[in-house]
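Morning, everyone. Please pull the model up on your screens. I'll walk through the sheets and then a pair of helices.

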Amino acid sequence: MNVGRIRSEFPALSKATGERPPAYLDSACMSLVPRPVLDAMTEYYRDYPGCAGRSLHRFAVEVGRRFEESREAFARFLGRSDPRATVFVRNATEAINLVGEGLSWRRGDRVLISDREHNSNLIVWQRLVRERGVRLEILRLSDDGSFDGEELDRHLARGVRLVSLFHTSNLDGRSLPVREITERGHDAGALVLFDGCQAAPHAKVDLDRAGVDFYAVSAHKMLGPTGTGVLSAAPHALDTLRPLLVGGETVVRSDLSSHELREAPYRFEAGLQNYAGAIGAKAALDYLGRVGFDAVLAQELRLNRRVTAAFEDERRLELLGPRDPAARPSIFAFTLEGIDPADAALFLDEGHGVMVRSGMHCVHSFYAERGLSGSVRASLYLYNDTADADRLVAGLVELLERVPARSVSGTSAARTVSSARRATVRSRAAGSKGAAARSARPPRTAGPGRAASATGSG
Ligand SMILES: Cc1ncc(COP(=O)(O)O)c(C=O)c1O
């Protein structure tokens, strides 16, 4: 894989921030978009800006063809033989909501999730608990995030209607064994949903082979545009769902008193669709296909090993998740003793042009249980190079040197970030998830004891 050539295809990496292009290490939140994806979306608006399935003119026919091509491409990409498996949605959150709201729940039905799910795979079920009497079971993962099949079976034995778990954790990059979990779930009569947001961008999944009923992905984490995602569902599972929205495009016919819904997946795609998004997302899949996942993974792992090794003996940096980068190739997540995660992120951005994410990463439950203020997450993707990894290391080394051990963040750490910039960022964050995370935190420091508990099971 020629990383230099790949980088040249991402306009955001050539747009200088100050003097250097950024070391973009926040792809788990949002990946960068390569030129072929931007071109595909522009071409839609420029060359054939029609709406699919309504008009008969050539723009409409062309967009209809491309939209269906994208559906097929997602089915192939995710290992589904039937293109009907692909339902276009706005994002993974909507895909999970479609399942949550679409299944017909009975009071007492059980849903099993893990103790470190993204809010998108937690709040949906909490609402069902409140409103429909569903019972939520929590599968506890071990200290380093690995899972115990027997513990899963103990939950399943109580009669679980749906198992809904992350495939790869956005906290620490650890993956769960999809096939094994699906088999255990099915043996116990449960449906199985995986939140594939953080997995699909990095490795081939084969959903038919694994037998997965529902799989949620977002295009914007895999080189595609925002506002496009997919619920990939086994046809038998899709047929059990009630559409989240109905209206135009979802019916075969209607009169003033009745209607007849179309077959899946069309009954789930109400109203004019995000054609540019679906077309851009297909261009993203094509791009990833050309590079190949083996090469993507090898690059991530090489860089992750480099960064991890640099801090092997640094007792003030506490890793989240497994120590071995091979078990979390795309993510290097950590707490720093005596330094608030937000301060660290600001320092890295301002001082080194290194963009990482800080805070609770929409997994508030994990931090709340441990009394932690958050963590820092550097996430890697195919366009990251050795220089990016080295800039992260250099930034963290400098930060640790500048902030004496056991000092309280907000003092010396704060001085390393210009006060003007801090004020801007703090006020910008005031209405954001980050602010909520900060206001919820009990301590400002994550000392060694706390950091150790960051990887502990709750
Ligand atoms: C594991 C995981 N699940 C769900 C989501 C939500 O994705 P979206 O905002 O695209 O719906 C994210 C986003 O970061 C995620 O990392």
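Start with the open sheet of 7 strands, in this predicted model. Its order reads S2-S8-S7-S6-S5-S3-S4, and the pairing is mixed. Which strands stand at the edges? They are strand S2, residues 86-89, and strand S4, residues 135-139. Each has a single partner strand, so one side of each is left without a neighbour in the sheet. From one strand to the next, the twist averages 20°.

Stay at the S4 edge. Strand S3, residues 110-114, runs parallel to S4, and 5 bridges join the two. If you want a pair to click on, take isoleucine 113: its bridge partner in S4 is isoleucine 138.

Now add a helix. Helix H6, residues 123-132, lies across S3, S4 and strand S5, which spans 162-166. H6 runs at about 145° to S4.

Next, the other sheet on my list. It is open and has 4 strands, in the order S11-S12-S15-S14. Here the pairing is antiparallel. The edge strands are S11, at 317-319, and S14, at 357-359, and each pairs on one side only. The twist averages 30° from one strand to the next.

Look inside that sheet. Strand S12, residues 331-336, pairs with strand S15, residues 375-379, in the antiparallel sense. How many bridges do they pair over? The count is 4. As for a residue pair, alanine 333 has arginine 377 in S15 as its bridge partner.

This sheet has a helix on it too. Helix H13, residues 341-352, packs there and touches S12, S14 and S15. The direction of H13 makes about 160° with that of S14.

Last item: two helices. Helix H3 covers residues 35-47, and helix H11 covers residues 275-291. Their axes come within 8 Å and cross at roughly 150°. Over 145 degrees counts as roughly antiparallel, and H3 and H11 are therefore roughly antiparallel to each other. H3 passes H11 in a right-handed crossing.

Who meets whom? On the H3 side we have Pro36, Val37, Ala40, Met41, Tyr44 and Tyr45. On the H11 side they meet Tyr275, Ala276, Ile279, Gly280, Ala283, Ala284 and Tyr287. What is the make-up of the H3 contact with H11 by class? It has 12 nonpolar residues, 1 polar and no charged.

That's my tour. Over to you.

Key: Residues numbered from 1 in each chain as written. Predicted model: local features only at pLDDT ≥ 70, side-chain atom pairs only at ≥ 80, totals over all residues. Pairing = 2+ DSSP bridges. Axes fitted to C-alpha atoms, helices over the stretch in contact; angles between N-to-C directions. Contact = placed C-beta atoms within 7 Å. Parallel < 35°, antiparallel > 145°, perpendicular 65-115°, else oblique. Left-handed = near helix turned anticlockwise from the far one by under 90°. Nonpolar A, V, L, I, M, F, W, Y, C, P; charged D, E, K, R; others polar.
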